[in-house]
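Me: Please take a close look at one helix pair in this model and describe how the two helices pack, then what lies around them and elsewhere in the fold.

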Amino acid sequence: MTPAAHPSQHAPELRAAARHIGRRRFLTTTGAAAALAFAVNLPAAGAAAAAELDAARIADDPFTLGVASGDPLPGSVLLWTRLAPAPYRPDGGLPAERVTVHWELAHDERFRRIARRGAATAHPEFHHTVHVEVDHLPADRVLYYRFRAGRWTSPTGRTRTAPLPGARPAGLTLAAVSCQAYHDGYFTPYAHLAADDVDIVFHLGDYLYEYAVDAAGGARAYTDRTLPALFGRETVTLEDYRLRYALYKTDPDLRAAHAAHPFVVTWDDHETENNYAGDAPENGVPPEEFLLRRAAAYRAYWENQPLRRPQLPDGPDMRLHRRLHWGRLAQFDVLDTRQYRTDQANGDGWKTPTPESEAPSRTLPGFTQERWLTDGWHGSRALWNVVPQQVTFARRNHPTPGNTTRSMDSWDGYPASRERLLRGAEAAGVRNLMVLTGDVHVSYALDVKRDFDDPDSRTVGTEIVTTSISSGKDGAARPANRADYLARNPHMKHYDGQRGYVTVALGQRLARADFKTVPYVTRPGAPLTTAASFVTEAGAPGLTPA
């Protein structure tokens with residue numbers, strides 16, 4: 001469905017205001033703020049104008065969407081929740097009044113040793129979401145947290161702080177996840193991840209999908225419930241996106257994973273619209289129309305994710321790329337490869353490379369973000385330089401012999417941009433480069449070659465591609481094109497098509513990746529299996545079976 005056909009399209013006065021502001025002014029600070037005011041219905045005087053609701057009057061449990069934490073720093077954690085007694089209603093079951101929410105952070109699960117406590121305000125303008133940045137905490141500690149509103153207490157969450165900048169921790173175990181289409185199946189991998197022993201989870205995009213979800217939940221084929229008709233349309237407006245996050249976050253497995261581990265999130269395309277590039281939509285709608293949609297999507301994303309205040313969007317703009325550290329063990333440079341990219345070449349899809357796709361003027365993360373990344377590598381003191389991002393970095397030759405096409409949406413469609421980053425890593429002396437990737441609904445283990453035209457060229461890094469949580473439905477452990485794909489891509493060491501996630505244990509001597517899969521997601525309760533494991537040694541890039 002194109003946005004123009006969407007029944008809850010932005011009101012005509014919003015489109016008229018966007019045209020009046022104009023695309024150039026829309027992207028300035030003043031213009032974006034003005035656009036935000038009308039696009040997401042924020043009062044000009046700010047959020048403090050709302051009346052206050054006595055939390056004692058909340059009759060039903062408001063913590064239906066659970067709790068979350070994110071972006072751990074050495075002395076700080078970010079805690080998140082949202083008050084929504086009726087999550088499938090546009091107002092969440094609360095009046096347009098602010099609510100005081102109390103929070104506690106403790107050293108133990110029973111909250112006998114309190115580390116910090118305080119109060120925050122859930123503003124209606126932010127859809128009663130709460131983002132609490134708790135500072136002055138001890139480094140490298142596991143902590144437990146909860147919220148209270150009136151007589152209601154949230155589930156308990158578990159989080160942690162990062163080690164001090166100069167620390168040399170023995171190890172870190174991360175999980176990478178991506179692509180969780182609600183309508184394609186259950187989030188069973190999250191149930192297993194919630195019980196897994198990891199320090200931090202990186203979500204690499206497609207946290208939600210804009211597509212309609214029918215009354216039976218698509219492939220979930222519910223027989224015990226009927227989803228409201230308001231989910232049966234594509235997301236375009238702020239209300240649409242907010243409701244879709246509510247649908248996803250009512251999933252118990254997703255809630256369990258968020259409560260168990262801190263998340264570091266970045267988006268791909270479906271949080272806004274399939275395969276958009278910068279301000280270019282998938283469908284041919286006017287720029288001001290798409291930027292309104294992007295402003296709504298970005299706003300809802302920040303509201304519903306455990307993100308800090310620097311990531312708060314300004315109209316259709318949001319700085320999501322950021323840098324985190326785990327002592328001297330790892331530096332994480334989290335990328336955004338959607339917001340600033342050049343439009344896909346050759347009409348998108350899998351196409352034979354052309355001078356257009358290979359032009360030096362093309363960039364996937366944007367030139368500013370490219371420089372930010374390479375500058376960060378020059379300043380890095382970490383053993384492992386890890387780049388959590390969205391689309392496949394290494395070359396993927398088409399599995400059919402004689403077929404010369406490559407993906408125009410991935411780094412293969414922006415080879416000059418990839419080359420600039422590889423040169424930058426080389427100039428910075430990066431010895432242990434690891435790229436974390438999602439997007440493709442399969443898992444890969446890939447060597448990053450200095451020259452993909454020469455299979456014998458140096459291996460300069462590794463790429464770990466996680467499969468989807470549910471997108472693509474059940475999948476297959478050995479896709480039909482597996483043998484041809486591996487033969488045509490000698491730097492591809494692993495290829496699996498089932499759902500799941502990957503864990504990566506970073507140590508002082510080596511890193512180990514375990515690809516974990518489930519046999520089905522179209523019904524609940526699937527068991528978890530480790531499908532394959534690989535290691536790469538520090539100082540000697542290249543993946544070998546564990």
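**Packing of α8 and α9**

Reply: Helix α8, residues 367-378, packs with helix α9, residues 415-428, at an angle of about 20°, and their axes are 8 Å apart. This is a predicted model. Since angles under 35 degrees count as roughly parallel, α8 and α9 are therefore roughly parallel to each other. The crossing in which α8 passes α9 is right-handed. On the α8 side the contact is made by F367, E370, L373, T374, W377 and H378. On the α9 side the residues are S417, R420, L421, G424, A425, A427 and A428. Sorted by class, this contact has seven nonpolar, four polar and two charged residues.

Taken alone, α8 has end C-alpha atoms 17 Å apart, which agrees with the 16 Å that its twelve residues should span at 1.5 Å a residue. Its buried residues are Q369, E370, W372, L373, T374, G376 and W377. Helix α9 is one of the elements against which these buried residues pack. The others are the strands β13 (322-326), β14 (330-334), β16 and β18 (433-437).

Strand β16 also leads to a residue outside the helix pair. Q390 has its place in the loop between β16 (384-388) and β17 (406-407). With a relative accessible area of 0%, Q390 is buried. The C-alpha atom of Q390 is separated by 19 Å from that of G376, 14 residues apart from it along the chain. Leaving aside neighbours within four places in sequence, the contacts of Q390 include L204, T266, W267 and D268. Q390 is also in contact with L335, D336 and T337, and with T437, G438 and D439. Of these, T437 belongs to β18 (433-437), an element that the buried residues of α8 pack against.

Another helix, α5, can be described in the same terms. Helix α5 (residues 238-249) has twelve residues and reaches 17 Å from its first C-alpha to its last, close to the 16 Å expected at 1.5 Å a residue. Eleven of these twelve residues are buried, so α5 is largely enclosed by the rest of the structure. The buried residues are L238, D240, Y241, R242, L243, R244, Y245, A246, L247, Y248 and K249. Among the elements that cover them are β3 (76-82), α6 (252-260) and α7 (287-303).

Terms used: Residues are numbered from 1 along each chain as its sequence is written. This is a predicted model: local features need pLDDT of at least 70, side-chain atom pairs count only at pLDDT 80 or more; totals for chains, interfaces and linings use all residues. Side-chain values use heavy atoms; hydrogens and water are left out. Axes are lines fitted to C-alpha atoms, for helices over the stretch in contact, and angles run from 0 to 180 degrees between N-to-C directions. Helices (H or I, at least four residues) and strands (E, at least two) are DSSP runs, numbered from the N terminus. Angles under 35 degrees count as roughly parallel, over 145 as roughly antiparallel, 65 to 115 as roughly perpendicular and the rest as oblique. A crossing is left-handed if the near helix is turned anticlockwise from the far one by less than a right angle, and right-handed if clockwise. Contact means heavy atoms within 4.5 Å. Ala, Val, Leu, Ile, Met, Phe, Trp, Tyr, Cys and Pro count as nonpolar, Asp, Glu, Lys and Arg as charged, and the others, Gly among them, as polar. The expected span of a helix is 1.5 Å times one less than its number of residues. Buried means under 20% relative accessible area, exposed over 50%, partly exposed in between (1.4 Å probe, protein chains only).
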